[in-house]
Amino acid sequence: MDLSLATNQLSNIEKKILYLYSTRPLFQEKALFTDETGYYRKPAEPKANDVVSFRFRTGADNVDRVLLHIGSNCLEMEKTESGTAFDFYETSFQIGEDLISYYFEIQKDGSSCYYNKKGVIWEKEEYYDFRIAPGFSTPEWAKGAVFYQIFVERFYNGDPTNDVLENEYVYINECTKQVKDWEKYPATMGVREFYGGDLKGVMDKLDYLKDLGVDVIYFNPIFVSPSNHKYDIQDYDYIDPHFGVILEDEGEVLTDSAKTNAKATRFKSRVTSKKNLEASNRLFIQLVEEAHKRGIRVILDGVFNHCGSFNKWLDKERIYEGQPGYDKGAYIDEKSPYHTFFRFYDKDAWPYNTSYDGWWGHDTLPKLNYEDSPKLFEYIMNIAKKWVSPPYNADGWRLDVAADLGRTAEYNHYFWREFRKVVKEANPDAIILAEHYGDPGDWLKGDQWDTVMNYDAFMEPITWFLTGMEKHSDEYRGELLGNSETFFSAMRHHMSRFHMSSLEIAMNELSNHDHSRFLTRTNHTVGRTNNLGPEAANKGVDKGIFREAVLIQMTWPGAPTIYYGDEAGMCGWTDPDNRRAYPWGKEDKRLIQYHKDLIRIHKSSEALMHGSIKFLGGSYKILYYGRFTDEEKMIVVVNNNAEAMKVEVPVWEIGIPDGVHMEQIILSIEEDYSMDLNTFPVKDGKVKLVMPKISGTILRYKK
């Protein structure tokens, strides 16, 4: 076809795009690279007034100049290294004390392109600029660490004498249920079912966790609380004796027909006895000591937005009323020392005032009233300090619904700034990790949280790509299944909201206590236990797809986090079915070994623990990306298709030269996995593979 005729058929917008590309110099775009790791910015975690050096990579002899735009300054970078594939440019700049942004400008033949967290762009876009928060650092031990989340009540019963008893007390209008069949599926409204898991059970399994390769235990709440999930705290000062130790065990349980806890004397004795409470705290001290001996850290769940209606400060259930050593709760008496801890709407309703503010309207979850109560603020700050200090020595906090705390954004940020000061002064090495959905940038400026549970930049994109499922199994979207462009776009966007220091310790989960098990999502079925039944969560699942997800999890920047039992092949719909008891004796031992091998690969690789990441390409149901340092290069390839696919990976983009061979260190296929070594030659900047159906692999090159 005549080119001029073809051009005449284009729209004005298409003509403009064609003109721009025809007049634009040939930047070798794939060669352009930098990031916030210590390989491209030193120091990676600058202090106030530090001189920071910046490094930028271009194609060899491909550009005229590289400029660093930092704050209001523009610095020309010096070419310090030339090679056959790449040139490197460097410059230095002394930062101040305030948050500062920067980006790069690359010039060639009178034209410019720009580089920020989005990669190569042709018009400046401040939203994606790199950032430095002077003085912000995150715990070194958490960077790339393997976390293991334990829902204590369902992990292992190490001490049957502390089990919650049948009819021990009333919780949400019904008596507690003692589950004696460990393999029983959780009931649809299973919040008052108790299987008997406890801290002694965790201690009994510490060697298992050590052998698995776990670096950090994250506990769901373990403080005194009436529910099995314990997000309705009853007493922040003590470990729940049902998880700990019961020395005093007097009183009676209730009858089946009981509707109040007026006669729940056995429960009152168990949870108000200072002997029980102090013994339970001592057991926690022992657990942390045993974990630390094995090189395992321990972090606690901090539920500070709300407490529970059983809480001793409110005492709506009248558990503490009349008990020696306890003040009257705010529900009981207007003159309670805890009156300001809650917001009451009816000022004339005492005694037994039910008009308090509940989180999202739930009267079982009274919202804590920090703005009107300096005393409450001080109390919680002391709790924050207490548990990360001797003799307890926890290694940090996971913060429940952290963005909801307080009644305004201003107060929320004030609270978390003060929380950070208190915790870091008590234990500078403690981690502060928040539950958060959406953009965390306002809390990750160096003065509040260290990082977040990584839903947006990990769990959700991987789930959509590999399964097409929403993380609760509430929706299936076929247009997102296998959509590599959407996957990389989502990852690029959401990862940009983190400082690298935060990203390296972000909790990268596939499953947790709030969402369906990832293995269940592989069945592409929309449902919950209340409409399909628990057995349906086990049907049609694909362990090959699950292994692909684990392979990505162990090779992605951040802290890979295993939800207890995922490694053993557990299934389950969203809450409460995701809280099944760990299948001791019926584990998928091959799947556990797969986790062990991948964890070992992860922890033995500088590139996977601390290196850069570069998205190298993809197509329908295929992804490939690189993790790399100057010395070590890793390639990850995933084929989620139901047939074998040929893949060409442009490994030159992460600095792998022609003529070398890459070593395959693991290959997962639909039925199993292999660690038999294979090698692949690099030719014309590429590695060519034939990926089996439902497979994933890691290739490595070391100088």
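How far apart are the mean positions of the positive and negative charges of the chain? They are 1 Å apart, taken over 85 positive and 109 negative charges. The model shown is predicted.

**Figure 1. The whole chain.** The chain holds 16 helices and 33 strands. Its radius of gyration is 28 Å, close to the 27 Å that the globule rule gives for 703 residues, so the chain is as compact as a globular protein of that length. Along the principal axes, the C-alpha atoms fill a box of roughly 90 × 55 × 55 Å. Of the 703 residues, 60% count as buried. About 27,200 Å² is exposed, and carbon and sulfur atoms supply 49% of that area. Among contacts with a separation of 6 or more, 69% come from residues 24 or more positions apart.

**Figure 2. An open sheet of four strands.** The strand order is β1-β2-β6-β5, and the pairing is antiparallel. Strands β1 (41–42) and β5 (78–82) form the edges, each pairing on one side only. Strands of a sheet pair through backbone hydrogen bonds, either parallel or antiparallel. Here β2 (residues 51–59) and β6 (residues 86–94) pair in the antiparallel sense over nine bridges. Arg57 stands opposite Phe88 in β6.

**Figure 3. The cis peptide bond before Pro43.** Pro43 lies in the loop between β1 and β2. A cis peptide bond joins Pro43 to Lys42. Omega is about -10 degrees. The loop follows on from the sheet view, where β1 is an edge strand.

**Figure 4. The cis peptide bond before Pro576.** Asp575 and Pro576 are also joined by a cis peptide bond. Here omega is about 10 degrees. Pro576 sits in the loop between β24 (559–563) and α15 (589–603).

**Figure 5. Gly196 and its contacts.** Gly196 lies in the loop between β15 (193–194) and α3 (199–204). Is Gly196 buried or exposed? Its relative accessible area is 5%, under the 20% cut-off, so Gly196 counts as buried. Leaving aside neighbours within four places in sequence, Gly196 is in contact with Glu153, Tyr156, Asn157 and Asp163. Lys596 is 400 residues away from Gly196 along the chain. In space, the C-alpha atoms of Gly196 and Lys596 are separated by 28 Å.

**Figure 6. Ser502 in a helix.** Helix α11 covers residues 500–503 and includes Ser502. Ser502 has 0% relative accessibility, so it counts as buried. Which residues does Ser502 touch, not counting residues up to four places away in sequence? They are Phe136, Thr138, Leu444, Asp450 and Thr451.

**Figure 7. Ser473, with a positive phi.** Ser473 is not a glycine, although its phi is positive, about 65 degrees. Ser473 lies in the loop between α9 (455–467) and α10 (484–495). Its relative accessibility is 0%, so Ser473 counts as buried.

**Figure 8. His524, with a positive phi.** Phi of His524 is near 60 degrees, a positive value in a residue other than glycine. Where is His524 placed? His524 is in the loop between α12 (518–521) and α13 (529–532). His524 counts as partly exposed, because its relative accessibility is 34%. Ser473, by contrast, counts as buried.

How values were computed
Residues numbered from 1 in each chain as written. Predicted model: local features only at pLDDT ≥ 70, side-chain atom pairs only at ≥ 80, totals over all residues. Heavy atoms only, no water. Helix = DSSP H or I, 4+ residues; strand = E, 2+ residues; numbered from the N terminus. Rg over C-alpha atoms; globule rule 2.2 N^0.38 Å. Buried < 20%, exposed > 50% of the residue type's maximum accessible area, 1.4 Å probe, protein only. Contact = heavy atoms within 4.5 Å. Areas by Shrake-Rupley, 256 points an atom, 1.4 Å probe, with all protein chains shown as cover. Lys, Arg positive; Asp, Glu negative; His and termini not counted. Charge placed at Lys NZ, Arg CZ, Asp CG, Glu CD. Pairing = 2+ DSSP bridges.
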